[in-house]
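Here's a quick briefing on two topics: how one strand sits among its partners, and what the cysteines are up to. Have the sequence and structure open as you read.

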Amino acid sequence: WDGEVTVGAITTGGPADREGTLVQGDIIRAVEGVICSTIEEVTHMVIRGSKCLRLAICRRPVTVVLESEIRMKMPSGEWEPFAFRLLSNRNIEFEKLSPPVYAGEIHARLAQSLCLLEDRGERVLEIQTAHKAFAIKANLAAEINMWQLRLQEVIMLQEKVANVAHGWLLKEESGSDTAKGIGTQFKHYWFVLFSNGILMYFSGPDRAVLGQALGFVPVEHCTESSQPNMHTILIRCSFASWLLAT
């Protein structure tokens, strides 16, 4: 999920599942001997092809994308410490750190929705799958925000969202030296609006792929205003607000 044409999921009972060679995370390099570098090129070749297709694939090793020590809510209502790891194959491995110790796995690629909640002043991320809901929180808000971002990218990869608009914008951020009166400042980022209404920003156009985002916000409320030297857009959702400018 770093810009390569990657197998996101294998449909149970489908042709790839019945054949058995492809696995989730495989990179598709070519179809019927024709090199493909985008999902559109792969789709075009599959549509043109016959019932039997030859794929050239690359199988990369599974790596850790994000790792944290967090707390997960138990059925009893207690919060217990866990080691959580998001893997490049879009699975989450977890290991309970207090007795009784056990380990398990969450298929993050099957996550249907995320919800950021408040619990006694702490941010709680609820992960809803087809079968179960998981609630997690961390000591630092920035840590739970990163889990929300990376899991949102996983969900969007499953939804096959499209880029509908993109470009450079200024984003207001907290200044690094409030003692000198630098409370906020605007920084340049590359923004992408996706077909599901999610706005993400990246360090530049060369990094604008799911898995490399610096932040995201659902565009729930949008207010525009014009000033003599600047046009601003205020975007708000349930958990964040961004002030952007051109």
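In this predicted model, a hairpin of four residues links strand E9 to strand E10. Let's start with E10 and its neighbors, then turn to the cysteines.

**Strand E10 and its partners**

- E10 covers residues 133–137, and four of its five residues are buried, so call this strand mostly covered.
- On the hairpin side, E9 (residues 122–128) pairs with E10 through four bridges, running antiparallel.
- Strand E4 (residues 64–73) is also antiparallel to E10, joined to it by two bridges.
- Which residue of E10 does Leu125 stand opposite? Leu125 faces Ile136.
- Ile136 in E10 also has Met72 standing opposite.

**Cysteines**

- How many disulfides does the structure hold? The count is zero.
- As a reminder, a disulfide is a covalent bond between the sulfur atoms of two cysteines.
- Take Cys52: its closest cysteine sulfur belongs to Cys36 and is 18 Å away, so the two are too far apart for a bond.
- The cut-off used for a disulfide is sulfur atoms within 2.5 Å.
- Cys52 is exposed, at 63% relative accessible area.
- Cys222 is in a similar spot for bonding: the closest cysteine sulfur, in Cys237, is 12 Å from its own, which is too far for a bond.
- Is Cys222 buried or exposed? Cys222 counts as partly exposed, with a relative accessibility of 46%.

Note on methods
Residues are numbered from 1 along each chain as its sequence is written. This is a predicted model: local features need pLDDT of at least 70, side-chain atom pairs count only at pLDDT 80 or more; totals for chains, interfaces and linings use all residues. Side-chain values use heavy atoms; hydrogens and water are left out. Buried means under 20% relative accessible area, exposed over 50%, partly exposed in between (1.4 Å probe, protein chains only). Two strands pair if DSSP finds at least two bridges between them.
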